[in-house]
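Subject: Structure for you to look through

Dear colleague,

Please find below the structure that I promised to hand over, together with its sequence. After it I have written out what was found, with each term explained where it first comes up.

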Amino acid sequence: YGMPSSFKINTAASGTKAWKTSLRGQYNELEKSYLYSPCFDVSLLAQPYLGFKMALDLEECGQFVCDKAWMEYSTDGKTWTKLGAFGQGVNWYNNSAENVWDSSAFTTWHVTGIELPAGSTSLRLRFVLESDAGITREGIAIDDVQVYDRQQQPSDPQWILSPNPTTGLTKLTSVHEPGRKVSLDIFSASGQLVFQNSFTASGFADNSTLNLTLLASGVYFLEVSDGINRKVFKLVRH
């Protein structure tokens, strides 16, 4: 845990620190290492969900798997089971044959998440990295880990736009299902589209700064949509 400073993975997803296999270099040959979580009581969560951000740089060997990473969970601290499979969750495993990550192409931070087994009073998670002999790369980096009840994500989120009115800059704070594309469209009072932007939701509170300094003073309408939820704000530009 610290400040990543390898050639490709050289920042945290947020702040300055993250967990990474060797902060300043590469993982080892014939390595098998683990990053353990604390124990979580998820027994009162209707739909427990794990969300985090991840960057990857692992040796790829085409149809074979050389170096790989995956996640496991335990409810008793003794027996460990692989968590999830390819095609589940958000950015969950890129290799469908072994249900692992073995990509060298995810060196930028990606939102990652999956549902967790429900009902446990002592759920523990661990990330696993395993390498063969030969080529090594920068490994796996983890940041912004969160466990929460996905069912409690509001169907009509309390999104905040402030300041409003604004003299030019305003900020939207909103929460969306991780991995969803969120569109931000601003229309004039006559219905003309005057501003357009989008971002990929993290699953946490996302902050989007809107620069309206080039727009004339007047009344506008901001439409926010994530494909499920939609909200329109009346926005005043002084």
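For the charges, Lys and Arg count as positive and Asp and Glu as negative, while His and the chain ends are not counted, and the place of a charge is taken as NZ of Lys, CZ of Arg, CG of Asp or CD of Glu. Counted in this way, the protein has 20 positive and 24 negative charges, and the mean positions of the two groups are 7 Å apart.

Please keep in mind that this is a predicted model, in which local features need pLDDT of at least 70 and side-chain atom pairs count only at pLDDT 80 or more, whereas totals for chains, interfaces and linings use all residues. Residues are numbered from 1 along each chain as its sequence is written, and side-chain values use heavy atoms, with hydrogens and water left out.

The overall picture

The protein has 15 strands and zero helices, where strands (E, at least two residues) and helices (H or I, at least four residues) are DSSP runs numbered from the N terminus. Its C-alpha trace spans about 65 × 40 × 30 Å along the principal axes. Of its 238 residues, 44% count as buried; buried means under 20% relative accessible area, exposed means over 50%, and partly exposed lies in between, with a 1.4 Å probe and protein chains only. If we take the contacts with a separation of 6 or more, 69% of them are accounted for by residues 24 or more positions apart, a contact being heavy atoms within 4.5 Å.

Aromatic rings

How many aromatic pairs does a search of the whole structure find? The search finds nine, where rings of Phe, Tyr and Trp (its six-membered ring) pair if their centres lie within 6.5 Å, and planes under 30 degrees apart count as stacked, over 60 as edge-to-face and the rest as tilted. One of them joins Tyr-36 and Trp-80, whose ring centres are 5.7 Å apart and whose planes stand at 75°, so this pair is edge-to-face. Because Tyr-36 lies in strand 2 (residues 32-40) and Trp-80 in the loop between strand 4 (68-74) and strand 5 (81-82), the pair ties together parts that are 44 residues apart in sequence. Tyr-36 itself counts as partly exposed, at 39% relative accessibility.

Phe-52 and Trp-92 also form an edge-to-face pair, with 5.9 Å from centre to centre and 70° between the planes. Here too distant parts of the chain are linked, since Phe-52 is in strand 3 (residues 48-57) and Trp-92 is in the loop between strand 5 and strand 6 (110-115), 40 residues apart. Both Phe-52 and Trp-92 are buried, and they belong to one aromatic cluster together with Tyr-93, Trp-101 and Phe-127.

Trp-80 has a further partner, as Arg-126 lies over the face of its ring at 4.2 Å from the ring centre; a charge sits over a ring if NZ of Lys or CZ of Arg is within 6 Å of the ring centre and within 35 degrees of the ring normal. Lys-231 lies over the face of Phe-233 in the same sense, at 5.5 Å from the ring centre.

The backbone

Most residues other than glycine have a negative phi, and most peptide bonds are trans. A cis peptide bond, however, joins Ser-162 and Pro-163, with omega at about 0°, and another joins Asn-164 and Pro-165, with omega at about 10°. Pro-163 is found in the loop between strand 9 (160-162) and strand 10 (169-175), and Pro-165 is found in the loop between strand 9 and strand 10 as well.

Leu-30, which is not a glycine, has a positive phi of about 55°; this residue is exposed, with a relative accessible area of 65%. Asn-99 has a positive phi of about 55° too, but Asn-99 counts as partly exposed at 22% relative accessibility.

Two residues to look at

Is Ser-174 buried or exposed? Ser-174, which has its place in strand 10, is buried, with a relative accessible area of 1%. Leaving aside residues up to four places away in sequence, Ser-174 touches Trp-159, Phe-199, Phe-204, Ala-205 and Asp-206. Phe-221 lies in strand 14 (residues 218-225) and is partly exposed, with a relative accessible area of 32%. The C-alpha atoms of Phe-221 and Leu-235 are separated by 5.5 Å, although the two residues are 14 apart along the chain.

With best wishes
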